[in-house]
Structures are given as structure tokens and as C-alpha cells.
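Here are my notes on the model, as numbered points. Have the structure open while you go through them.

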Amino acid sequence: MKLATWNVNSLKIRLPHLLDWLGQQPIDIVCLQETKLTDDKFPRAAIEDAGYAVAFSGQPTYNGVAILTRRETVGEPTDVSTGNPLHADDQRRLISATVAGIRVICAYVPNGQAVDSPKYGYKLEWLDRLIDWLGPQVASGTPLALAGDYNIAPEERDVRYPEQWAGEVLVSEPERERFTRLLGLGLLDSFRLFEQPEKTFTWWDYRKMAFRRNDGLRIDHVLVTENLRSRVSACVVEREMRKREQPSDHAPVVVTLAPAA
DNA sequence: ATGGCCCGTAGAACGGGA
């Protein structure tokens, strides 16, 4: 079974990429961020025709998240909820569902814009409320995966040119401290459970020929509860997706999971 | 050289992304 997260940067533009990718490599659970579509414009029919059920939560212009589930392998998402009950927030950044016995939380963490911006304060507050909400869920023993665009590069090795990013949004100490607190709840970074190629990233700026120079950051993550550790057999970044025509600036992250014993 | 690109909403530039 495979679970992926991908920031599509507009599902309207990236729908052909998504359908082509899933046609080539069926993935059982797909978490999407930055769909940038209101719910009435969500391409439900095209996704269902590809064999997926889908739950989504969108708004005009910004944000928007979705969870796709491959019908023949994992069925429909159940107990779907949107947002964080501990955080009144109009921005559509969270959707959760139970799939194949796993509580799947798809998250689009705020970018923060700049450390001196009010958006940065919102980001830290958003993360604090996320931690408050997830703590009891993780402690309850439910197998859980928090998949999404965290907009945090956890360590220096997750940044190609750390000296250029020092103290900036995405790498600042308060953001990294929130990431560490998520791990402290009892979550594991799937990517770091395995040997990985040096300088593996998930996002590259559209400018500066950044992808060609592999000038990137690792900011998209799948964290899983400890009780899933023995079932996770791989975590890879689908770098190929960033090479396509008119790509998203993010590449998907794909986790392979054994079925429950 | 502190911006370069891409997207949505516009219906021209601009905010936002990261």
C-alpha cells in the first residue's frame, strides 16, 4: 500500500499530471495541498473515473486540500472532517479521514511569508494548535499519518544552501522547534527511517533554474505514529514529477506501507 | 543586481507562494 503527499499548486492546472501519475503508479492514498479550487469546481468526476474516491475542502484562490483513496484497494474515506476543532480558522488547510485503519491527516501548513510578517505569527499559532489537537490523537494509539506541505525544512541537511536561508521563514528556529514538538508527540519522519540520497528535496523555486541546480528544500513530509514503524518499508521523493512540462514547484513524497498484520 | 517564475483573479497589475 502506498500513501503520498503532493502540493499541486493548482489542481486545475495539475489535474493531467495527477491522473497520468496515478495511471502509471497507482497510489492508494493521496493527500493534495494547494488545490486552489472552490468545492463546486473540484474535478470530482475525473478523479472518480480514475478509480478514486475523494474528500476535499477548498476556497477561492488560496489553499485547499483533498484526500484521494483508491477504491479497489482501500475503499472510501470514512469519518471525514475538515479543519482543527481547537482552532477557528477560515483557511482551508486541513482535511482528515480514516482509510484502511489509518487516521490520515492532510495538512497545508501556512508559509509564513517572512519572519517579520503577521503571517509568520499565524503560522506558529497554527502549528501550536495543530500540536494541541494531535497530541491526544497520537496518545490514543490510533495509527495515524500526518502528510502534507509543512513549509518547514527540519534540519540543515534539508536545505541545499543553508547559509542563504539562515534565519528565514521555512528554516527559522521557532518553526523547527514546532516540528521537533510534533516528533515529540510520538511521530516519526518517514523519510529519515531510511537511507536516502544526499541532497534530496521536495521543493525548488521556479526561478533561478533552481531545479536544474538542485537548489531546493525538503519541506513536504509524512510523519507516522510509532505503531506504524514496522509497516513502513520505504519513503521516496518522486523527483520525476518536477521534470515534467508545467510542473508543480513541489515533488510528491511517497510512503510504502505493509497491510496491517 | 534582494529579482528572476508561476498561479489565480483579474480583465491590469498584484498578492501570494517558498
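1. Start with the open sheet of six strands, in the order S3-S4-S2-S1-S14-S13 and with mixed pairing. Strand S3 (52–57) and strand S13 (232–237) are at its edges, each with a single partner strand, so one side of each has no neighbour in the sheet. From one strand to the next the twist averages 15 degrees. Strands here are DSSP runs (E, at least two residues), helices are DSSP runs too (H or I, at least four), and both are numbered from the N terminus. Two strands count as paired if DSSP finds at least two bridges between them.

2. A word on provenance and labels: this is a predicted model, where local features need pLDDT of at least 70 and side-chain atom pairs count only at pLDDT 80 or more, while totals for chains, interfaces and linings use all residues. Residues are numbered from 1 along each chain as its sequence is written, and chains are lettered from A and ligands numbered from 1 in the order in which they are written.

3. Now look at strand S1 (residues 2–7). S1 is mostly covered, with five of its six residues buried; buried means that 20 or more other C-beta atoms lie within 10 Å of the residue's own, exposed means 12 or fewer, and partly exposed is in between, with C-beta atoms placed from the backbone. S1 runs parallel to S2, joined by five bridges, and Asn 7 sits opposite Gln 33 in S2. With strand S14 (residues 253–257), S1 pairs in the antiparallel sense over four bridges; there, Thr 5 has Val 253 as its bridge partner.

4. Strand S2 (residues 29–33) also pairs with strand S4 (residues 65–70), antiparallel and over five bridges. Find Ile 29 and you'll see Thr 69 of S4 opposite.

5. There is another open sheet of six strands, ordered S5-S6-S7-S8-S12-S9, again with mixed pairing. Its edge strands are S5 (78–82) and S9 (187–189), each pairing on one side only. The twist averages 20 degrees from one strand to the next. Strands S7 (residues 102–108) and S8 (residues 144–149) run parallel, with six bridges, and Tyr 108 stands opposite Asp 149 in S8.

6. How many residues of S12 are buried? Six of its six. Both faces are covered, with Asp 220, Val 222 and Val 224 on one side and His 221, Leu 223 and Thr 225 on the other. S12 pairs antiparallel with S8 over five bridges, and antiparallel with S9 over three. Leu 146 faces Leu 223 across the S8 pairing, while Leu 188 stands opposite Val 224.

7. Helix H4 (residues 118–139) lies across S7, S8, S9 and strand S12 (220–225), at about 150 degrees to S8. The axes of H4 and helix H6 (residues 173–184) come within 10 Å and cross at roughly 10 degrees, which means that H4 is roughly parallel to H6. The contact involves Leu 124, Leu 127 and Ile 131 of H4 with Pro 174, Arg 178, Arg 181 and Leu 182 of H6. By type, that is five nonpolar, no polar and two charged residues.

8. Finally, the DNA: 23 residues surround strand B, and the closest are Ser 10, Lys 12, Asn 111, Tyr 206 and Arg 207. The residues of this surface divide into eight nonpolar, eight polar and seven charged.

9. Remaining cut-offs:
   - Near a molecule or strand: C-beta atom, placed from the backbone, within 6 Å of it.
   - In contact: C-beta atoms of two residues, placed from the backbone, within 7 Å.
   - Axes: lines fitted to C-alpha atoms, for helices over the stretch in contact, with angles from 0 to 180 degrees between N-to-C directions.
   - Angles: under 35 degrees is roughly parallel, over 145 roughly antiparallel, 65 to 115 roughly perpendicular, and the rest oblique.
   - Residue types: Ala, Val, Leu, Ile, Met, Phe, Trp, Tyr, Cys and Pro are nonpolar, Asp, Glu, Lys and Arg charged, and the others, Gly among them, polar.
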